[in-house]
Every structure is written in structure tokens, then in C-alpha cells.
Amino acid sequence: MRGRLRGGRARAREARLGAALSGVAMATTEAPPWRMEGRGSYTLPTGTEYRGELKDGMFHGEGELLFPGGGRYRALWHRGVPAEGKYTFADGLEYQDEKWHYCDGYDRRFYTEICSGLKPAGISQLTNLDPPRKIPAGCYDCGDGFYNPETRIVVDYKMRFLRNADDDEHEWIIRTCRKAEDETTGHKPKP
């Protein structure tokens, strides 16, 4: 799956990221400096931080991945691979492998709407964030950052480079994602 997927599928993909992450580097432990042993922490180049038990340079035992966007993956690790775990999104929503019904065809509410209720008629909530992020002119909000179709570059919400979009991702973003308003909408006085 690509990082461009949003809604329930994106949350499912995001929840599986813990399984793909493992690394070997220095940890804050009492073990020799060339090997991660005991309890410690490790920050990956992506900014994701692991806190927990380490053995032979791998995540092993109870530990947690803390993602830059605020999500958490708490798991029981065995030789760098999560044996069982639970992903919690930054807004507090817990991912469920079975019977995942968040933002599906039956119930299209955002999690904040489920927790806080719907807005009055005529006031739409466009994203899970309320108010939604302001999108730079000519760009799209692709869920993990802003996409500029002219340069085909995705930057995070702090405007740092994330990736170059391939043709498939470009087409998906143009077809699916929310774009910065090209013109003012609403009441226009007669000339």
C-alpha cells in the first residue's frame, strides 16, 4: 500500500507500520555502547521513537513506537517483530483488526464527530481536524502533508520534504484529496 491512502484504509496501513520498523543503533542503556541491551530508547531517522526493552540490538519484550504525528504502537516484541500490539491514533482512536468500521460506507463521520457529535445543518466538518488545516494555494492535503501538483512533491505539515509522488499517487491525490480553494465561495454581492 502507498502512503496516499486515507480514511480507514490509511489508518489500517499506519497501524501496521510498527511491523515494518526495526533498527540497530545506540540506545540509552547500561549495556556496552556497541549493542542495544536492557531498557532504552531509539529514535529512527523518520523521527519515530522506540521506548522499551531491547535484546541483541533488537526490540524485544514490551515496547512502544511513538510516531511524529502523535500516534502510538504499543506491542510485545520478539526479535524485532511485534508478536501482538495495539495502535492508537493521535486523537485517541484505537485501531481494531476485526470489525473496523471507522469512516466506512455505512458511517462516514469523523472520529471527532463520533466523540463530540455532529455540527448543525449547513456547517460541514471537512476533516477530522476542526477547523481544518489551511492548504497552501494550488496544493492538496494528502493526509500526511501537502502535495504540489506542479513540482510533484509532498511536504509534511511543517513544510519539510517527504517524498516525490509517482504517477499513481499524483492521479490519486488529484482525484481524491481536498484542494486549496481557488476562489472565494459563499455570498457574492451583486455589482
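Cys-139 counts as buried, since its relative accessibility is 9%, where buried denotes under 20% relative accessible area, exposed over 50%, and partly exposed in between, with a 1.4 Å probe and protein chains only. Cys-177 is likewise buried, at a relative accessible area of 13%. The structure is a predicted model, in which local features need pLDDT of at least 70, side-chain atom pairs count only at pLDDT 80 or more, and totals for chains, interfaces and linings use all residues. Residues are numbered from 1 along each chain as its sequence is written, and side-chain values use heavy atoms, with hydrogens and water left out.

A disulfide is a covalent bond between the sulfur atoms of two cysteines. Here it is assigned to a pair of cysteine sulfur atoms within 2.5 Å, and by this rule the count is 0 disulfides. Cys-139 takes part in none, the nearest cysteine sulfur being that of Cys-142 at 9.7 Å. For Cys-177, which is also in no disulfide, the nearest cysteine sulfur again belongs to Cys-142, at 5.9 Å.

The description now turns to the sheet. Its elements are DSSP runs numbered from the N terminus, helices being H or I of at least four residues and strands E of at least two; two strands pair if DSSP finds at least two bridges between them. An open sheet is formed by 5 strands in the order β1-β2-β3-β4-β5, with antiparallel pairing. The edges are occupied by β1 (38-43) and β5 (81-88), each of which has a single partner strand, so one side of each is left without a neighbour in the sheet. On average, neighbouring strands are turned by 15° against each other, direction ignored; the axes are lines fitted to C-alpha atoms, for helices over the stretch in contact, and angles run from 0 to 180 degrees between N-to-C directions.

From the edge strand β1, the path leads to β2 (residues 49-55), to which β1 is joined in antiparallel fashion by 6 bridges. Across this pair, Gly-40 lies opposite Gly-52 in β2, and Ser-41 lies opposite Arg-51. The two strands form a hairpin with 5 residues between them, and Gly-47 in the turn has a positive phi of about 95°.

Strand β2 is in turn linked to β3 (residues 58-66) by 6 bridges, again antiparallel. Within this pairing, Tyr-50 has Leu-65 in β3 as its bridge partner. This second hairpin has 2 residues between its strands, and Asp-56 in the turn has a positive phi of about 50°.
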